[in-house]
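Colleague: I am new to reading models like this one, and I would love a close look at one part. Could you take me through the place where two helices pack against each other, and then a few spots around it in the chain?

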Amino acid sequence: MANKVSNFSDLIQRVTASCLLHPLSSGRIDGNISDDRYSDESEDDKYSTEDEEEKEDPPYVETREKFQNVEVTKEEIRTEKVTEMEMLLGEVFDAVSAVKTAYVSLQEAHCPWDQDKMRVADVAVISELRRLGVLRERFRRNVGGGIRKGDWRVGAATLREVVAPYEATVEELRQEVKAKEIEIDNLREKLKTATSLSSSGGKKSKSKRKVSGSSQAPVTMSPAPDVFETTVSLVKEASKSFTSLLLSLMRSAHWDIAAAVRSIEAASSNTNTPTADSIVGANHAKYALESYVNRKMFQGFDHETFYMDGSLSSLIHPDQHRRDCFTQYRDMKAMDPMELLGILPTCSFGNFCFKKYLAIVHPKMEESLFGDLEQRRQVLAGNHPRSQFYGEFLGLAKAVWLLHLLTFSLDPPPSHFEASKGSEFHPQYMESVVKYSISMGIGGRMGMGLVVGFPVSPGFKLGNGSVVKARVYLVPKNGF
């Protein structure tokens, strides 16, 4: 009996433990009541769901309306973008046309050189290029976002384009600084010349003077005979240099040098028919050619403008004309002729260069030397060729022009003279380009006189009585 009670107690404990661990669901207790109740709730839920569905119908309609409105808005935005892009494209075309116009103005300002017009055209070109840069940025923003994150190459390119106009401005400033440095060098050269002239004047008077810049007035240059003689020496050296280059070109072009010399001799004697035999030695063709060049360069030297116009300023206002000539001499003395003519190609000196170049180098000569007439075409068009030959010619032209200015700045002006062919040799007025012994004559034979075969360069007699000798080519009197 005790064992049965014990077993029953164990059974009750197991059931209780099982109930505690696995509780029964509420649906399994009193199934009928729970079924009725849940069936009622499911019907209520069904009706409430139908009511909710009826209530949710209007939001679907509203959503469709919103979607339609969004599509309309997108279409309007797309239309606005297309209109904006069309306007942007029109502005781009206008900017490109403006750039083209500004660039044409910039080219026109270069020839003839006009610094003011070139500066205005340069500013206009840079302004229009910047405008194009702004339009490009607007385009990038409109088409979807401009520069993407991490695209550093595009950013660097944009930065370079933004900085480019400022770099151009910096380069322009550097050029201006370089021009100022050149101007400073020219002023130093003028000061050096003035100081040397002052020193030479002190040596002639055998007095040593120390000039203090703080206590003395600035040194003012004035025309002096020794300056004139120095300038004549510069003309002589420039003439020799240009003639040597011209002769080398003629030889390279296989010219008949002897025939050319005979033609020059005929021209110097005012005869058009060359002689059969030349009086010029085998190695003296350079003197005949130099004679030809100097005759062309000094033609019209006695007139104040080389007869390029009918000016009579030296007669109407002589004092003012002398001052103007000496001022031009001082200003031009230290200048590079090519740089000067690059700025003022049609100035008086530029017109002088045009006239003399065309007189010295005739078309057939230029075509045979260079194979074409390009330099002549440039000269006739009012431009100065940047070639070695024309640069050498400009050196001679500048020296002759400076001598001409100095001549008309002296009072009284020096008179120039030229030995005629066949005239007797006078050592006080003439200088032989070939050194002979006058007492021995030519070839060591006694009693043989010398006469002028042809003049090489003119001489000058100054107002103080000093003489700059004319250079001549001498020949034996009996063989003339």
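Modeller: Happy to help; here is the helix pair, followed by some backbone details and a word on confidence.

This is a predicted model, in which local features need pLDDT of at least 70, side-chain atom pairs count only at pLDDT 80 or more, and totals for chains, interfaces and linings use all residues. Residues are numbered from 1 along each chain as its sequence is written, and side-chain values use heavy atoms, with hydrogens and water left out.

Two packed helices are described by the angle between their axes and the distance between the axes. For α7 (285-297) and α11 (residues 348-360), the axes come within 9 Å and cross at roughly 140°. Helices here are DSSP runs of H or I with at least four residues, strands are runs of E with at least two, and both are numbered from the N terminus. Axes are lines fitted to C-alpha atoms, for helices over the stretch in contact, and angles run from 0 to 180 degrees between N-to-C directions.

Which residues make the contact? From α7 come Tyr292, Val293, Lys296 and Met297, and α11 brings Phe352, Lys356, Ala359 and Ile360. Contact means heavy atoms within 4.5 Å. These residues divide into 6 nonpolar, no polar and 2 charged. Nonpolar covers Ala, Val, Leu, Ile, Met, Phe, Trp, Tyr, Cys and Pro, charged covers Asp, Glu, Lys and Arg, and the others, Gly among them, count as polar.

Now follow the chain into the loop between α7 and α8 (313-316), where you will find phenylalanine 306. Phenylalanine 306 has a positive phi of about 55° although it is not a glycine. Phenylalanine 306 is buried, as its relative accessible area is 1%. Buried means under 20% relative accessible area, exposed over 50% and partly exposed in between, with a 1.4 Å probe and protein chains only.

Histidine 254, in the loop between α5 (225-252) and α6 (257-268), also has a positive phi, about 60°, without being a glycine. Histidine 254 is exposed, at 72% relative accessible area.

One more backbone detail sits in the loop between α14 (388-407) and β1 (415-417), where proline 412 is found. A cis peptide bond joins aspartate 411 and proline 412, with omega about 0°.

Finally, confidence: pLDDT is the predictor's confidence in each residue, from 0 to 100. The chain has a mean pLDDT of 76, with 69% of its residues at 70 or more. Over residues 25-43, pLDDT stays under 50. Where pLDDT is low, the predicted coordinates should not be read in detail.
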